[in-house]
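Grab a pencil and open your viewer: here is a short set of exercises with worked solutions. Try each task yourself before reading on.

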Number of protein chains: 2
Amino acid sequence: MKELINYILQFGSLNQQQIDLISRKATELELHKDDYFSEAGKIARQVGFVIEGITRVCYYNNKGEEITKYFIEEHNLVVDFESFNDEICSSAYVQAVTDCKLIVFSKKDWQELLDTIVGWDKIVHKIISKALMQKVARRSPLVTEDATERYLKFLEIYPTVANRVPLSYIASYLGITQSSLSRIRKNIR
Amino acid sequence: MKELINYILQFGSLNQQQIDLISRKATELELHKDDYFSEAGKIARQVGFVIEGITRVCYYNNKGEEITKYFIEEHNLVVDFESFNDEICSSAYVQAVTDCKLIVFSKKDWQELLDTIVGWDKIVHKIISKALMQKVARRSPLVTEDATERYLKFLEIYPTVANRVPLSYIASYLGITQSSLSRIRKNIR
DNA sequence: ATCGCTTTTTGCCAAATGACAAATGATTTC
DNA sequence: GAAATCATTTGTCATTTGGCAAAAAGCGAT
């Protein structure tokens with residue numbers, strides 16, 4: 001919980017009363033490897049914060065291949081923001097890649113925080129904007145690189161992820177095949 | 001100007017007085033093809049709105065190749081948001097790809113709008129968030145596709161752009177070579 | 001330890017893309 | 001309108017990556 005509060009305080013200040021309110025609304029949630037946090041075709045009902053473990057957002061393309069859109073590491077918000085906010089069906093799955101410990105807020109409690117805490121909306125906006133910018137910053141450079149450089153960038157971008165997730169997830173994130181990635185890994189060492 | 005106001009009103013409501021204030025702060029700016037709106041190494045000083053023409057954001061990679069990060073079409077905000085907001089040096093160029101007509105706000109005037117118009121910050125946040133989500137949504141799918149499908153997706157994503165910008169810009173946006181793109185175009189018809 | 005299952009590695013060959021250079025086409029300038 | 005400049009297309013060949021299948025390695029359950 002302290003971790004969540006510290007994270008939030010990076011984006012704005014809160015008094016003790018506000019912090020207590022947030023803490024009271026928060027619930028712990030454990031996910032097992034491969035569990036879904038939210039699913040395509042459903043409406044995201046929770047905002048989560050990853051305390052431990054790695055999650056990913058993935059979808060299926062028109063060939064039925066499973067594609068990893070991005071990974072979400074410890075100390076990040078995990079939420080299908082569009083779906084959660086606008087109450088529209090999601091087009092992607094949010095899945096635990098390892099066993100995970102999360103702190104979650106229900107839609108109702110989240111709304112209550114927005115209504116009660118002055119400046120909470122600004123903090124949330126900052127958090128979301130930063131996350132979105134990070135996604136752009138991580139994705140864009142990959143397109144223009146060859147497979148090896150993509151993997152090297154991946155290692156920079158997600159230093160804590162590479163050895164904790166299946167190779168196939170990384171491959172689909174990078175847009176290369178498993179076999180190619182396997183060969184690339186071999187050549188790098 | 002009407003165009004800008006209509007655009008803004010999609011994201012929230014404003015009374016006539018507020019609209020007038022925005023209109024008074026706005027300045028017209030014409031850019032010629034290849035002019036820079038903002039430059040790498042400098043701090044972005046203006047927020048713009050594209051009335052006519054196409055701009056792009058580009059940068060140079062470690063091999064000195066010029067890479068187009070994305071295009072900005074008519075009726076979109078054009079601003080290096082991080083640089084403008086945090087007053088840090090930009091790492092990218094914002095450039096007119098065709099002759100452009102923009103409406104711009106100086107940093108000072110923009111700040112005044114934020115201070116004066118209740119709810120302006122929310123509207124801006126919405127606009128920015130939407131733009132960022134769009135960037136993610138446009139970029140991510142490209143990584144996992146082959147060159148031909150990337151170009152087809154490009155045509156869907158930027159239907160108004162394909163025939164108005166140099167092939168080389170599109171190629172660098174898609175992460176393929178000019179020659180390949182030229183061949184792909186030939187094969188599609 | 002062994003079996004069954006999944007993930008990763010490897011081999012082989014085909015297809016896609018890149019690199020480089022030359023030719024063609026388009027546009028600007030004088 | 002000819003020359004110069006820039007953008008696009010095309011040709012040739014090398015390299016990278018993908019597709020497919022089999023082998024090897026890792027892992028959990030019994």
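**Exercise 1. Work out through which surface the two copies meet, and how they are related.**

Solution. Start with the shared residues: 100% of the interface residues of chain B are also interface residues in chain A, so the copies meet through the same surface. Keep in mind that this is a predicted model.

Next, count the residues on each side. Chain A brings 19 residues to the contact, and chain B brings 19 residues as well. On chain B, at least two residues each come from β5 (66-72), α5 (120-143) and α7 (167-174). Among these elements, α5(B) gives the most to the side that touches chain A, namely eleven residues. Sorted by class, this side of chain B holds eight nonpolar, seven polar and four charged residues.

Finally, superpose the copies. A turn of 180° with a shift of 0.0 Å along the axis lays chain B on chain A with an RMSD of 0.0 Å. The two copies are therefore related as by a two-fold rotation axis.

**Exercise 2. Describe the surface near DNA strand D.**

Solution. Begin with the residues: 16 of them surround DNA strand D, and the closest are D146(A), A147(A), S180(A), S179(B) and S182(B).

Then assign them to helices. At least two residues each are supplied by α6 (147-157) and α8 (178-188) of chain A, together with α7 and α8 (178-188) of chain B. The helix that gives the most to this surface is α8(B), with six residues.

Last, look at the chemistry: the surface near DNA strand D has four nonpolar, eight polar and four charged residues.

**Exercise 3. Repeat the analysis for DNA strand C.**

Solution. Follow the steps used above. Around DNA strand C there are 16 residues, of which L167(A), S182(A), D146(B), A147(B) and S180(B) come nearest.

On the level of helices, α7 (167-174) and α8 of chain A, along with α6 (147-157) and α8 of chain B, each supply at least two residues. Here α8(A) has the largest share of the surface, six residues. The class count for the surface near DNA strand C is four nonpolar, eight polar and four charged.

**Exercise 4. Determine how α6 and α8 are packed in each chain.**

Solution. Take chain A to begin with. The axes of α6(A) and α8(A) come within 10 Å and cross at roughly 75°. Angles of 65 to 115 degrees count as roughly perpendicular, and α6(A) and α8(A) are therefore roughly perpendicular to each other. From α6(A), the contact uses A147(A), T148(A) and Y151(A), while α8(A) contributes S180(A), L181(A) and I184(A). That contact has four nonpolar, two polar and no charged residues.

Now turn to chain B. Its helices α6(B) and α8(B) have axes that come within 10 Å and cross at roughly 75°, which makes α6(B) roughly perpendicular to α8(B). In this pair, A147(B), T148(B) and Y151(B) of α6(B) meet S180(B), L181(B) and I184(B) of α8(B). The contact of α6(B) with α8(B) divides into four nonpolar, two polar and no charged residues.

**Exercise 5. Classify the packing of α2 and α4 in chain A.**

Solution. First read off the geometry: helix α2 (residues 16-25) and helix α4 (residues 107-116) of chain A pack at an angle of about 170°, with their axes 10 Å apart. Since angles over 145 degrees count as roughly antiparallel, α2(A) is roughly antiparallel to α4(A).

Then list the partners. L21(A), I22(A) and K25(A) come from α2(A), and D109(A), E112(A), L113(A) and T116(A) come from α4(A). By class, this contact has three nonpolar, one polar and three charged residues.

**Exercise 6. Decide how far the model of chain A can be read in detail.**

Solution. Recall the general caution: where pLDDT is low, the predicted coordinates should not be read in detail. Now check the values. Chain A averages a pLDDT of 94, and 100% of the residues score at least 70. Within chain A, confidence is lowest in helix α3 (residues 81-86), at a mean of 90, and highest in α7(A), at 97.

Notes. Residues numbered from 1 in each chain as written. Chains lettered and ligands numbered in written order. Predicted model: local features only at pLDDT ≥ 70, side-chain atom pairs only at ≥ 80, totals over all residues. Contact = placed C-beta atoms within 7 Å. Helix = DSSP H or I, 4+ residues; strand = E, 2+ residues; numbered from the N terminus. Nonpolar A, V, L, I, M, F, W, Y, C, P; charged D, E, K, R; others polar. Near = placed C-beta within 6 Å. Least-squares fit on C-alpha atoms with pLDDT ≥ 70 in both. Axes fitted to C-alpha atoms, helices over the stretch in contact; angles between N-to-C directions. Parallel < 35°, antiparallel > 145°, perpendicular 65-115°, else oblique. pLDDT = per-residue confidence, 0-100.
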